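Visitor: I have a protein model to look at today. Could you walk me through it?

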Amino acid sequence: MIKLNKNKLLTIKAQEKKRGYKDKKLEGIEFEGVMCSATFRDQSGLLAIKQYLDHGGASTIFNFENGNKLEITRSNFDSFYTAWSRFRSSFFNNINTEEEQL
């Protein structure tokens with residue numbers, strides 16, 4: 001039988017939780033019938049789209065990391081980004097919350 005100390009157990013749990021987060025971020029959130037992933041790469045691209053729209057761009061098709069595509073326009077960007085950023089920020093909680101439960 002392998003005996004794990006508390007710190008090693010917490011590390012393993014944190015790694016498992018992080019892997020689960022990665023899967024959920026890639027699965028994404030639904031907007032207008034499209035599952036929109038919420039990875040760091042998506043975030044960077046969406047910030048570029050915002051700049052494009054702010055400088056007069058009308059619309060563009062955004063390719064999410066999970067392979068799905070969404071037409072982003074001036075009229076849908078704010079509602080999309082509000083929902084999407086709330087979903088993405090849900091992963092920013094302290095990853096070691098189990099430590100308090102042990």
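Guide: Accessible areas come from the Shrake-Rupley method with a 1.4 Å probe, and for residues only the protein chains shown count as cover. This is a predicted model: local features need pLDDT of at least 70, side-chain atom pairs count only at pLDDT 80 or more, and totals for chains, interfaces and linings use all residues. Residues are numbered from 1 along each chain as its sequence is written, and side-chain values use heavy atoms, with hydrogens and water left out.

Visitor: What share of the accessible surface belongs to carbon and sulfur atoms?
Guide: The accessible surface of the protein is about 7200 Å². Carbon and sulfur atoms hold this share of that area: 50%.

Visitor: What pattern do the helices and strands follow along the sequence?
Guide: Helices (H or I, at least four residues) and strands (E, at least two) are DSSP runs, numbered from the N terminus. The protein has 3 helices and 4 strands. Their order along the sequence is α-β-β-α-β-β-α.

Visitor: How do strands S3 and S4 pair, parallel or antiparallel?
Guide: Two strands pair if DSSP finds at least two bridges between them. S3 covers residues 59-63 and S4 covers residues 69-73, with 5 bridges joining them. One bridge takes Phe62 to its partner Leu70 in S4. The sense of the pairing is antiparallel.

Visitor: Which residue takes a positive phi in the hairpin of S3 and S4?
Guide: The hairpin has 5 residues between the strands. A phi near 95 degrees belongs to Gly67.

Visitor: Which element gives the largest share of the largest nonpolar core?
Guide: A nonpolar core is a set of buried (under 20% relative accessible area) Ala, Val, Leu, Ile, Met, Phe, Trp, Tyr and Cys residues joined through side-chain atoms within 4.5 Å. The largest one has 17 residues, and those touching the most other members include Phe64, Leu70 and Trp84. Strand S2 (34-36), helix H2 (40-54), S4 and H3 each give two or more residues. The largest share, 4 residues, comes from H3.

Visitor: Is Asn76 buried or exposed?
Guide: Asn76 lies in helix H3, residues 74-89. Leaving aside neighbours within four places in sequence, Asn76 is in contact (heavy atoms within 4.5 Å) with Phe31, Glu32 and Glu71. Its relative accessible area is 8%, so Asn76 is buried.

Visitor: Which backbone nitrogen lies 2.7 Å from a polar atom of the Asn76 side chain?
Guide: A polar atom of the Asn76 side chain lies 2.7 Å from a backbone nitrogen. That nitrogen belongs to Thr73.

Methods:
Buried < 20%, exposed > 50% of the residue type's maximum accessible area, 1.4 Å probe, protein only. Polar contact = N/O pair within 3.5 Å; in protein donor to acceptor, adjacent residues only side chain to side chain.
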